[in-house]
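Got your viewer open and a selection box ready? Load the model below and let's walk through it stop by stop.

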Amino acid sequence: MTSCSVCEKMTMATENPNQTVVSHFFLEGLMYTAEHPSLFFLLFLLIYSITVAGNLLILLTVGSDSHLRSPMYHFLGHLSFLDACLSTVTVPKVMAGQLTLDGKVISFEGCIVQLYCFHFLASTECFLYTVMAYDRYLAICQPLHYPVAMNRKMCAVLAGITWAIGATHAAIHTTLTFHLLYCGPCHIAYFFCDIPPVLKLACTDTTINELVMLASIGIVAAGCLILIVISYAFIVAAVLRIHAAQGRQRAFSTCTAHLTVVLLYYVPPVCIYLQPRSSEAGAGAPAVFYTIITPMLNPFIYTLRNKEMKRALKRLLCSSFQESAAGIPPP
């Protein structure tokens, strides 16, 4: 069965011109992966397994180790959960598309859910990076004020705000995208349902949607990035005033990991959302970094650059090994 014959079954007749007539979409996937589907299926399976296992291990370590009770690790737990979920929204569907042609088909409702979940998680992660930068700013620039300003209640409030804003931001864009008329074609030149490639299939004018997308996502991303840059400008200035070399090294080590992840996360979306009309299958390459690669790398970046995390992981693994050897079931 070809993609054309599949696509013919994805539209439903209707007498009401205002109704959406597309019932399913066909995800074309990533360029060049169709030549060796089995190889890429195994590759994505490996990446997905490492992503979920790594982030869940970070989440388990942060939640179980009494030495990791600072706000930084509280937010890191949220980030690990977001990364595991973000990868789950896209990668399993990509893997299904490598196995069969039907695996590339997604229902209209499924496309709505995938687009909402993706932007909900991605937006929340964007705001969370900003909160994490603010946390580092308070910890390094105002250490005496830090325990009061970033107490347990404040951590919970800031984390809750990031999730609430992310949910609202995603709901607005999902509503604006799917209130349009989609009457065919049904081929999405991308590997998941995202705003630019979906808008390209609309049968009505999408100028307003594109302007809102550029303004909203641009303002959100630029605003968060500016706040992060300002926070780290103050952090660098404060660190340079530290006389002890060990103190400077420790301060920079906790911040380098965060800056590395921020760069990996922010650069690809700029290439995608500033050019909404250039959504061909090859345009999915930049999105691979922040939807598939970055969630996999985050556990390694935060663990390898953080001595406390490495010690906590060793304690967790040693404790689990000792309990297994003694025949004690894990808690």
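Here is a tour that goes from the overall fold to the core and then out to a few spots on the helices.

**The whole chain.** Keep in mind that you're looking at a predicted model. Switch to cartoon view and you should find 11 helices and three strands. Starting at the N terminus, the order of the elements is α-β-α-α-β-α-α-α-β-α-α-α-α-α. The protein has 331 residues, and 47% of them count as buried. Turn on the surface and you have about 16,400 Å² of accessible area, with 70% of that belonging to carbon and sulfur atoms. As for how the chain folds back on itself, take the contacts between residues at least 6 apart in sequence: 77% of these join residues at least 24 apart.

**The core.** Now hide the surface and go inside. In soluble globular proteins, nonpolar side chains tend to be buried together. Select Phe 25, Phe 75, Tyr 129, Tyr 182 and Ile 188: within the largest nonpolar core, which has 85 residues, these touch the most other members. Then colour residues 108-141, which is helix α4; this helix gives the most to that core, with 18 residues.

Which residues does Ile 188 touch, leaving aside those up to four places away in sequence? Show its surroundings as sticks and you'll pick out Phe 25, Phe 26, Leu 27 and Glu 28, along with Cys 111, Cys 193, Pro 197, Val 198 and Leu 201.

**The rings.** Two of the core residues you just selected, Phe 25 and Tyr 182, turn up again here. Add Phe 108 and Phe 178 to them, and you have one aromatic cluster of Phe 25, Phe 108, Phe 178 and Tyr 182. If you want to go ring hunting, the structure holds 16 aromatic pairs.

**The salt bridge.** How many salt bridges does a search of the whole structure find? Just one. To see it, select Arg 136 and Asp 135, whose side chains meet at 3.1 Å, N to O. Are these two residues buried or exposed? Both Arg 136 and Asp 135 are buried.

**A nonpolar patch outside.** Bring the surface back and select Met 154, Val 157, Ile 161 and Ile 165. Together they make a nonpolar surface patch of about 300 Å². Zoom in on Ile 161, which sits in helix α6, residues 152-178. Why does Ile 161 count as partly exposed? Because its relative accessibility is 42%, and that class runs between 20% and 50%.

**Helix α10.** Next, select residues 284-304, helix α10, and look for Pro 286 in it. Pro 286 is partly exposed, at 23% relative accessible area. Draw a distance from its C-alpha to that of Val 267: these residues are 19 apart along the chain, and the two atoms are separated by 8.5 Å.

**Helix α11.** For the last stop, go to residues 307-326, helix α11, and click on Arg 315. Arg 315 is partly exposed too, with a relative accessible area of 34%. Setting aside residues up to four places away in sequence, Arg 315 touches Asp 65 and His 67. Finish with one more C-alpha distance: Arg 315 and Thr 61 are 254 residues apart along the chain, yet these atoms are separated by 9.1 Å.

Notes. Residues are numbered from 1 along each chain as its sequence is written. This is a predicted model: local features need pLDDT of at least 70, side-chain atom pairs count only at pLDDT 80 or more; totals for chains, interfaces and linings use all residues. Side-chain values use heavy atoms; hydrogens and water are left out. Patches are made of residues with over 30% relative accessible area and no salt bridge: like charges are joined within 9 Å, nonpolar side chains (Val, Leu, Ile, Met, Phe, Trp, Tyr) within 5 Å. Accessible areas come from the Shrake-Rupley method with a 1.4 Å probe; for residues, only the protein chains shown count as cover. A salt bridge is a side-chain nitrogen of Lys or Arg within 4 Å of a carboxyl oxygen of Asp or Glu. Helices (H or I, at least four residues) and strands (E, at least two) are DSSP runs, numbered from the N terminus. Buried means under 20% relative accessible area, exposed over 50%, partly exposed in between (1.4 Å probe, protein chains only). Contact means heavy atoms within 4.5 Å. A nonpolar core is a set of buried Ala, Val, Leu, Ile, Met, Phe, Trp, Tyr and Cys residues joined through side-chain atoms within 4.5 Å. Rings of Phe, Tyr and Trp (its six-membered ring) pair if their centres lie within 6.5 Å; planes under 30 degrees apart count as stacked, over 60 as edge-to-face and the rest as tilted.
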